[in-house]
Amino acid sequence: MSSRFVQVSLIILVALTLIALITFFLWPMTTPSMVSGNQGMNVEDLSSKELLELSVDTEQITTNLYTNDFIIVQLNILVDNKKARKEVENRMSEIRSAIISVLASKTPEDLQGEEGISALEEILFKRFNEILNEGSVVRVLTIDRQIQS
């Protein structure tokens, strides 16, 4: 009886381990690759025409950083629908203000490297989504960045 109990326990343990491993390796493949907290749109599936129709480039923005160094930055904002694109265009002054406000609290060190750029994009992503009513921002990309002392 004890031998049978050990065999059943081992079979259950092996089965649970296999389920855990399969879940661990297959989970990333079953979830769409989203960016910046996107709520349902897979950016990689969009055609270049769709990307163009749903994105807005800001003008170059020159502003001071926290350290009185200055930065020149330009962003690309991708939204989930055409109404949201129109709203971004109409609210560009609020978007520019949010960018300037966020950058005013940053140092050049905060914006260095891939991590610094990604952190800035994530903060702006959240701020832009707070501004919009007609849709949501899917992705924010930094398309130009120059820091001057």
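Helices are taken here as DSSP runs of H or I of at least four residues, numbered from the N terminus. In the predicted model, Arg85 and Glu89 both belong to helix α3, where they are four residues apart, about one turn of the helix. Their side chains meet in a salt bridge, with an N to O distance of 2.5 Å. Arg85 has a relative accessible area of 25% and is therefore partly exposed, and Glu89, at 33% relative accessibility, also counts as partly exposed.

This contact is one of the salt bridges in the model; a search of the whole structure finds five. Side chains of opposite charge can pair when their charged atoms come close. A further salt bridge joins Glu87 to Arg91, whose closest N and O atoms are 2.9 Å apart. The side chain of Arg91 also meets that of Glu94 in a salt bridge, at 3.1 Å from N to O. Glu87, Arg91 and Glu94 are thus linked in a network of salt bridges. Within this network, Glu87 has a relative accessible area of 8%, below the 20% limit, and is therefore buried. Arg91, with a relative accessible area of 22%, is partly exposed, as is Glu94, with a value of 35%.

Strand β3 comprises residues 70-79, and nine of its ten residues are buried, so the strand is largely enclosed by the rest of the structure. Strand β1 (residues 55-57) pairs with β3 in the antiparallel sense over three bridges, and Asp57 stands opposite Asn76 of β3. Strand β2 (residues 61-64) is likewise antiparallel to β3, with four bridges between the two; here Asn64 stands opposite Phe70 of β3. The hairpin formed by β2 and β3 has five residues between the strands, and in this hairpin Asn68 adopts a positive phi near 70°. Strand β4 (residues 137-148) runs antiparallel to β3 and is joined to it by ten bridges. In this pairing, Ile77 stands opposite Val140 of β4.

Ile72 illustrates the surroundings of a single position in β3. With a relative accessibility of 16%, Ile72 counts as buried. When residues up to four places away in sequence are not counted, Ile72 touches Gln60, Ile61, Thr62, Asp144, Arg145 and Gln146. Ile72 and Ile147 are 75 residues apart in sequence, yet their C-alpha atoms are 6.4 Å apart in space.

Helix α5 extends over residues 113-131. At 1.5 Å a residue, its 19 residues should span 27 Å, and this agrees with the 27 Å between its end C-alpha atoms. The buried residues of α5 include Gly116, Leu120, Glu121, Leu124, Phe125, Phe128 and Ile131. Among the elements that cover the buried residues of α5 are strands β3 and β4, together with helices α3 (82-90) and α4 (92-103). Strand β3 therefore appears both in the cover of α5 and as a largely enclosed element, with nine of its ten residues buried.

How values were computed
Residues numbered from 1 in each chain as written. Predicted model: local features only at pLDDT ≥ 70, side-chain atom pairs only at ≥ 80, totals over all residues. Heavy atoms only, no water. Buried < 20%, exposed > 50% of the residue type's maximum accessible area, 1.4 Å probe, protein only. Pairing = 2+ DSSP bridges. Expected span 1.5 Å × (residues − 1). Contact = heavy atoms within 4.5 Å. Salt bridge = Lys/Arg side-chain N within 4 Å of Asp/Glu carboxyl O.
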